[in-house]
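This report covers the sheet, the helices on it, one charged residue and some backbone features of the model shown below.

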Amino acid sequence: MKAANALLQAIHARLASDAALVAMVGDRGIVDRLLPRPVLPCVVFGDMESRQLSADTPPGEEHLLTIEVWSAAGGRKIAQDIALRVLTLLDDAPLVLGGNIALVSLFYRSSRSVRETKSKPFLTEIRFRAITE
């Protein structure tokens with residue numbers, strides 16, 4: 001869990017420090033969870049699953065992480081433009097994690113774009129796989 005938190009902090013720092021992404025989503029557009037009345041567009045940390053890879057010391061961990069991009073005005077194109085910027089910033093990024101935890105790899109796995117039935121905003125999910133040790 002310590003490695004997962006360090007990874008999320010490093011990802012947040014990377015995204016929040018990019019002027020182009022902040023211009024797309026605003027100063028408060030990178031959030032930990034989708035609020036009941038979100039200001040869209042926004043980037044949200046979605047599901048994350050972590051597991052130990054082996055019994056080695058120190059043990060390595062695999063993290064499967066989803067980053068969500070939500071958009072209302074501008075629809076799917078805006079969501080996908082933001083998602084592409086997030087992908088550019090994170091795929092194979094040399095992030096520095098704290099707490100004596102090293103990032104071995106961070107790679108794009110897949111993406112999905114849907115329109116939410118009830119509320120009508122567009123959602124683009126970007127899935128990554130990270131290895132830490």
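The sections below describe a predicted model, starting with the sheet and ending with the backbone.

## Sheet

The model has an open sheet of 5 strands with mixed pairing, and the strand order is β1-β2-β3-β5-β4. β1 and β4 are the edge strands, since each of them pairs on one side only.

Strand β5 covers residues 122-132 and is joined to β3 by 11 bridges, the two strands running antiparallel. Two of the residue pairs between β3 and β5 can be named: E61 has T132 as its bridge partner in β5, and I67 stands opposite I126 of β5. β5 also pairs with β4 in the antiparallel sense, again over 11 bridges. In this pairing, V114 has L123 of β5 as its bridge partner. In general, the strands of a sheet pair through backbone hydrogen bonds, in a parallel or an antiparallel arrangement.

Of the 11 residues of β5, 9 are buried, so the strand is largely enclosed by the rest of the structure.

## Helices on the sheet

Helix α1, residues 2-16, packs on the sheet and touches β1, β2, β3, β4 and β5. The direction of α1 makes about 155° with the direction of β2.

Helix α3 spans residues 75-90. This helix lies across β2, β3, β4 and β5, and runs at about 15° to β5.

## A buried glutamate

E62 lies in strand β3, which covers residues 61-71. Is E62 buried or exposed? E62 has a relative accessibility of 7%; because buried means under 20%, E62 counts as buried.

Which side chains make polar contacts with the side chain of E62? One is the side chain of R51, at 2.6 Å. Another is the side chain of R129, at 2.5 Å. Leaving aside residues up to four places away in sequence, E62 touches E49, S50, R51, L53, R129, A130 and I131. R51 falls within the range of β2, residues 42-52, and R129 within that of β5, residues 122-132.

## Backbone features in loops

The peptide bond that leads from L40 to P41 is cis, and its omega is near 5°. P41 sits in the loop between β1, residues 30-31, and β2, residues 42-52.

Two residues other than glycine have a positive phi: D92, with phi near 60°, and N100, with phi also near 60°. D92 belongs to the loop between α3 and β4, the latter strand covering residues 103-115. N100 is placed in the loop between α3 and β4 as well.

How exposed are D92 and N100? D92 has a relative accessible area of 49% and is therefore partly exposed, the cut-off for exposed being over 50%. N100, at 84% relative accessibility, counts as exposed.

Definitions and conventions:
Residues are numbered from 1 along each chain as its sequence is written. This is a predicted model: local features need pLDDT of at least 70, side-chain atom pairs count only at pLDDT 80 or more; totals for chains, interfaces and linings use all residues. Side-chain values use heavy atoms; hydrogens and water are left out. Helices (H or I, at least four residues) and strands (E, at least two) are DSSP runs, numbered from the N terminus. Buried means under 20% relative accessible area, exposed over 50%, partly exposed in between (1.4 Å probe, protein chains only). A polar contact is a pair of N or O atoms within 3.5 Å; within protein, one must be able to donate a hydrogen and the other to accept it, and residues adjacent in sequence count only if both atoms are side-chain atoms. Contact means heavy atoms within 4.5 Å. Two strands pair if DSSP finds at least two bridges between them. Axes are lines fitted to C-alpha atoms, for helices over the stretch in contact, and angles run from 0 to 180 degrees between N-to-C directions.
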